[in-house]
Amino acid sequence: MASSTNTGRRIMLLTGASRGIGHATVKRFSAAGWRVITASRHPFPENCPWEMGPEDHLQVDLANPDDTLRAVEETKRRLEAEGGVLHALVNNAGISPKGPGGRRLNALETSFEDWRHVFQVNFFAPIMLARGLRDELTRARGAVVNVTSIAGSRVHPFAGAAYATSKAALAALTREMAADFGPLGVRVNAISPGEIDTSILSPGTEKLVREQIPMHRLGTPDEVAKAIYFLVTDASSYVNGAELHINGGQHV
Ligand SMILES: NC(=O)c1ccc[n+]([C@@H]2O[C@H](COP(=O)([O-])OP(=O)(O)OC[C@H]3O[C@@H](n4cnc5c(N)ncnc54)[C@H](OP(=O)(O)O)[C@@H]3O)[C@@H](O)[C@H]2O)c1
């Protein structure tokens, strides 16, 4: 139960903020005055590049369901002092395992253990967090953004079968969540990045960029963060169940 009232500052829980798209997202929202609680496997960095304290970082392994549920309880506890409200949940953490030498893992050779591991992080953790924090999101009339991928809707030359199917499932889950959370006043949308300049990219991406992306360049993490900002804030107040493609036209 909420023990005091929110100070007016908006609060977000963002998974996978230590690098790439998540890193750009925490910077953008912090600059706009949000309190961003970040969650990832690594501990809070001492020389953190944005203004926050260790109380705003949660160390959690989203591949582990028990640890994910512990993180939900810990998030609820931290939100109590702010009236038990959560204005945004951004499910950004994701993994895309590769075979030896960076090889693509296809549907014939991906072990089921690896497949389950990918699904736990990319698919089950987002719904575990959203369900666990449903009351906090409802109180704030908040928004959820799931980070899917261009690989979820077409076979990708580098992203593997487990990753692609987990992102396709997350896109379908976004629709289901939009239908089920909508009546609670909580909007649920997805962003689907194409080739964004982060460490997840594989060698050979340059050729793909030249031949398949009409804009002939990679996207930047901040260009994705801007779209997340749109989907979380009032500018998108009637957008629910959408999947916004951020890929320079790669799928046209
Ligand atoms: N970059 C692209 O071109 C691209 C394209 C399409 C979709 N996406 C999606 O965008 C999202 C972010 O991608 P990115 O390129 O920024 O990824 P990234 O640079 O690889 O960062 C992934 C983040 O997830 C966290 N993470 C990984 N495994 C975790 C676990 N088991 N528990 C908790 N946190 C975990 C990592 O932090 P720790 O290491 O501290 O755990 C890190 O902060 C992902 O969902 C990805 O699938 C990216």
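**View 1. The largest pocket holds about 980 Å³ of space.** In this predicted model, 44 residues line the largest pocket, and those closest to its centre are Arg 19, Gly 94, Ile 95, Ser 96 and Ile 200. Four elements, α1, β2 (35-40), α3 (112-132) and α5, each give two or more residues to this lining. The largest share, three residues, belongs to α1. Sorted by class, the lining of the largest pocket consists of 20 nonpolar, 18 polar and six charged residues.

**View 2. The ligand takes up the space of the largest pocket.** Two elements, α1 (20-31) and α5 (161-181), give two or more residues to the shell around the ligand. There are 31 residues around the ligand, and Arg 41, His 42, Asn 92, Tyr 163 and Thr 198 come nearest. The shell divides by class into 14 nonpolar, twelve polar and five charged residues.

**View 3. Polar atoms of His 42, Asn 92 and Gly 194 lie beside oxygen atoms of the ligand.** For His 42, a polar side-chain atom is 2.6 Å from an oxygen atom of the ligand. Asn 92 takes part through its backbone, where a polar atom is 2.7 Å from an oxygen atom of the ligand. Gly 194 also places a polar backbone atom by the ligand, at 3.2 Å from an oxygen atom. On its own the ligand has 880 Å² of accessible area, and the protein covers 97% of it. His 42 and Asn 92 appear in the previous view as well, among the residues that come nearest to the ligand.

**View 4. The second largest pocket holds about 240 Å³ of space.** Its lining is made up of 13 residues, and the closest to the centre are Arg 141, Arg 187, Val 232, Thr 233 and Asp 234. By class, four residues of the lining of the second largest pocket are nonpolar, five are polar and four are charged.

**View 5. The model has one cavity of 30 Å³ or more.** Rolling a probe the size of a water molecule over the atoms shows where empty space is left. The largest cavity holds about 50 Å³ of space. Its lining is formed by Pro 97, Leu 105, Thr 110, Asp 114, Trp 115, Val 118, Gly 160, Ala 161, Ala 162 and Tyr 163. Both α3 and α5 supply at least two residues of the lining of the largest cavity. Seven residues of this lining are nonpolar, two are polar and one is charged.

**View 6. Tyr 163 lines the largest cavity and is among the residues that come nearest to the ligand.** This view brings together the ligand and the cavity. α5 gives two or more residues to the shell around the ligand, and α5 also supplies at least two residues of the lining of the largest cavity. α3 supplies at least two residues of the cavity lining and gives two or more residues to the lining of the largest pocket.

Note on methods. Residues are numbered from 1 along each chain as its sequence is written. This is a predicted model: local features need pLDDT of at least 70, side-chain atom pairs count only at pLDDT 80 or more; totals for chains, interfaces and linings use all residues. Side-chain values use heavy atoms; hydrogens and water are left out. A residue is near a molecule or strand if one of its heavy atoms lies within 4 Å of it. A polar contact is a pair of N or O atoms within 3.5 Å; within protein, one must be able to donate a hydrogen and the other to accept it, and residues adjacent in sequence count only if both atoms are side-chain atoms. Accessible areas come from the Shrake-Rupley method with a 1.4 Å probe; for residues, only the protein chains shown count as cover. On a 1 Å grid over the protein atoms alone, a cavity is a set of points where a 1.4 Å probe fits but cannot get out, and a pocket is an open set with protein on both sides within 12 Å along at least five of seven lines; lining residues have an atom within 4 Å of a point. A molecule sits in a cavity or pocket if more than half of its atoms lie within 2 Å of its grid points. Ala, Val, Leu, Ile, Met, Phe, Trp, Tyr, Cys and Pro count as nonpolar, Asp, Glu, Lys and Arg as charged, and the others, Gly among them, as polar. Grid points are joined across faces, edges and corners, and a volume is the space filled by probe spheres set on the points.
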